[in-house]
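Let's read a protein model piece by piece. Look at the structure, then follow the questions.

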Amino acid sequence: MLILNIVTYFGFTRQEVIVGKICLGHNFGNITADAVVIGGGIVGVSTAFWLSKAGMKVVLLEMRDALSSLTTAASVECFRTQFTESSMADLSLESVKMFENFKEIIEIPDIDIGITQRGYLFVTDDSNMVSDLEKAVVRYHELGVNDAEFITGPELGERFPFLATGALAATYNQKDGWLSTHEATYGFAKGSKNTTFYTKTPVTDIVMDGRGVAGVKTGMGNIATRMVVNCAGPFAGGISKMAGLEMPLRTVRRQKCYIKTDPSLLPEKAPFMVDLVNHSYWRPEAGGILCAWVDPDEPETEPREELPTDWDFAAESIHRVSRLNPFFETIADKIVASDIDVSAGMYVYTPDDKPVIGPSGVIEGFHLNCGYWCGVMMSPGAGKRVADIATGKMANEDNPLRYSRFAEGAVEKGATFLK
Ligand SMILES: Cc1cc2nc3c(=O)[nH]c(=O)nc-3n(C[C@H](O)[C@H](O)[C@H](O)COP(=O)(O)OP(=O)(O)OC[C@H]3O[C@@H](n4cnc5c(N)ncnc54)[C@H](O)[C@@H]3O)c2cc1C
């Protein structure tokens, strides 16, 4: 394990930490890199980790003060394998295994990413949906998600007694769950032995020459490289434009609320629970709960770092989750305003609601790892895939999430719940 530095050249701190080199405030001299990763969210840092593990000299550029501080910090930190499309199920199964074996993968024994596998429980009380749930589980099994279960009848109430009596059916996989995205992102950073991380360093342009990508420009100077990976989260569309690539990305605000709650009011060992009828969800979180709903009518908006929250989002979320989780009514009675914190980030959607991973195929040296509404859960496998394709371990034709799928018409249809 390397002992490297966090350095503030223009400030006063110099701190030794066990991490790849993180530099705050700097001026590049003549830096070159095998690969430059743009964006220090969980997707970018995982990508840097895998490229560095493949033997490349990597530079990661993050415009904000810290890694894991934009969308990754806004998420509810969950992961699941319940997907009806093989491209998504494969990537999530691989990623969950990596989360389960995180210490071994990053080769740091004392890292704890707080992995909690209590399952995702998708529930309906609409009799018209029951057969869809049953079919979804058949599909999950076909895709190798063998632990997924279809639960109906009295068994549902017996196993999840906190549900309303009207709940009719559910899909459940106990292997799904949640973790600390902060610890996972910094774990990938600490495990990246050949990556230098620059925070407070916005990329302002991509340098091109006759061969393709030749470098990146920042306010601190330029970096020469033949490989750039766009992991800029909601800002990925703008980064691609710098390289001359117009991507069909849509950015949509999503909110969540944390509610401080007396733990004795919560069901023991509760899963991540989703009400499929009104798109609401909740899960336990230290000292309380996280809850939210995904508004299908939320309009697309331009990417922004600071996002407003709706004054009534918490009340609306509680109202919605209470429908199938009646114990929320007791919680609602006891909440005071200071118990509630509402925050927002952005989901990024592509035309088929799946991320774009690997070489752009259009601009030599310009690679993509973006277009996520589910970037936390896919980050380990997606970062590895970028590295595997770049180093020839995987052919891009074998990567169903390649960018060229849109032009090829090779888009996989699916009916994954809640996205
Ligand atoms: C309310 C909510 C709940 C969610 N829940 C889940 C969940 O449970 N599970 C899940 O898997 N996903 C969830 N998501 C989605 C998930 O948070 C994102 O898909 C994931 O964090 C994307 O990671 P990222 O690294 O691509 O993006 P980000 O974390 O946004 O990182 C991108 C980084 O790029 C940087 N950047 C942008 N432009 C530049 C530039 N020009 N120069 C340098 N740096 C730049 C940004 O500052 C940012 O730090 C949720 C999202 C929201 C909003």
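Q: How many bridges join strand 13 to strand 14?
A: Strand 14 covers residues 212-218, and strands 13 and 14 run antiparallel. Strands here are DSSP runs of E with at least two residues, helices are runs of H or I with at least four, and both are numbered from the N terminus. Two strands pair if DSSP finds at least two bridges between them. The number of bridges joining strand 13 to strand 14 is 6.

Q: What kind of model is this?
A: Residues are numbered from 1 along each chain as its sequence is written. Local features need pLDDT of at least 70, side-chain atom pairs count only at pLDDT 80 or more, totals for chains, interfaces and linings use all residues, and the model is predicted.

Q: Which residue stands opposite aspartate 205?
A: The partner of aspartate 205 sits in strand 14. Strand 14 is joined to strand 13 by bridges. The residue opposite aspartate 205 is lysine 217.

Q: In what order do the strands of the open sheet lie?
A: The sheet has 4 strands, and the pairing is mixed. Its edge strands are strand 4 (31-33) and strand 13 (203-209), each pairing on one side only. The order is 4-15-14-13.

Q: What is the average twist from one strand to the next in this open sheet?
A: Axes are lines fitted to C-alpha atoms, for helices over the stretch in contact, and angles run from 0 to 180 degrees between N-to-C directions. From one strand to the next, the twist averages 30°.

Q: Which residue stands opposite alanine 33?
A: Strand 4 and strand 15 (residues 221-225) run parallel, joined by 3 bridges. Alanine 33 has its partner in strand 15. That partner is threonine 225.

Q: How many residues lie between strand 14 and strand 15?
A: Strands 14 and 15 run antiparallel, with 4 bridges. Glycine 215 stands opposite alanine 224 in strand 15. The two strands form a hairpin, and the number of residues between them is 2.

Q: Is strand 8 enclosed or open, and why?
A: A residue is buried with 20 or more other C-beta atoms within 10 Å of its own, exposed with 12 or fewer, and partly exposed in between; C-beta atoms are placed from the backbone. Tyr120, Phe122 and Thr124 point one way from strand 8, Leu121 and Val123 point the other way, and all are buried. That is 5 of the 5 residues of strand 8 (residues 120-124), so the strand is largely enclosed.

Q: Which residue of strand 18 is the bridge partner of valine 123?
A: Strand 8 pairs with strand 10 (residues 169-173) in the antiparallel sense over 5 bridges. It pairs with strand 18 (residues 272-275) in the parallel sense over 4 bridges. In strand 18, the partner of valine 123 is aspartate 275.

Q: How far apart are the end C-alpha atoms of helix 1?
A: The expected span is 1.5 Å times one less than the number of residues. Helix 1 (residues 42-53) has 12 residues, so it should span 16 Å. The distance agrees: 16 Å.

Q: Are helix 1 and helix 7 roughly parallel or roughly antiparallel, and why?
A: Helix 7 covers residues 181-191, and the two axes are 8 Å apart at an angle of about 25°. Angles under 35 degrees count as roughly parallel, over 145 as roughly antiparallel, 65 to 115 as roughly perpendicular and the rest as oblique. The two helices are therefore roughly parallel.

Q: Which residues of helix 1 make the contact with helix 7?
A: Residues are in contact if their C-beta atoms, placed from the backbone, lie within 7 Å. Helix 7 offers several residues, including Phe188 and Gly191. Helix 1 offers Ile42, Val45, Ser46 and Phe49.

Q: How many other C-beta atoms lie within 10 Å of asparagine 369?
A: Asparagine 369 is found in strand 23 (residues 366-370). It touches residues further off in sequence, among them Val43 and Thr47. Asparagine 369 is buried, and the number of other C-beta atoms within 10 Å is 29.

Q: What distance separates the C-alpha atoms of leucine 249 and asparagine 173?
A: Leucine 249 lies in the loop between helix 8 (236-242) and strand 17 (250-260). Leucine 249 is buried, with 21 other C-beta atoms within 10 Å. Asparagine 173 is 76 residues away along the chain, and the C-alpha separation is 30 Å.

Methods. Two residues are in contact if their C-beta atoms, placed from the backbone, lie within 7 Å. Lists of a residue's contacts leave out its neighbours within four places in sequence.
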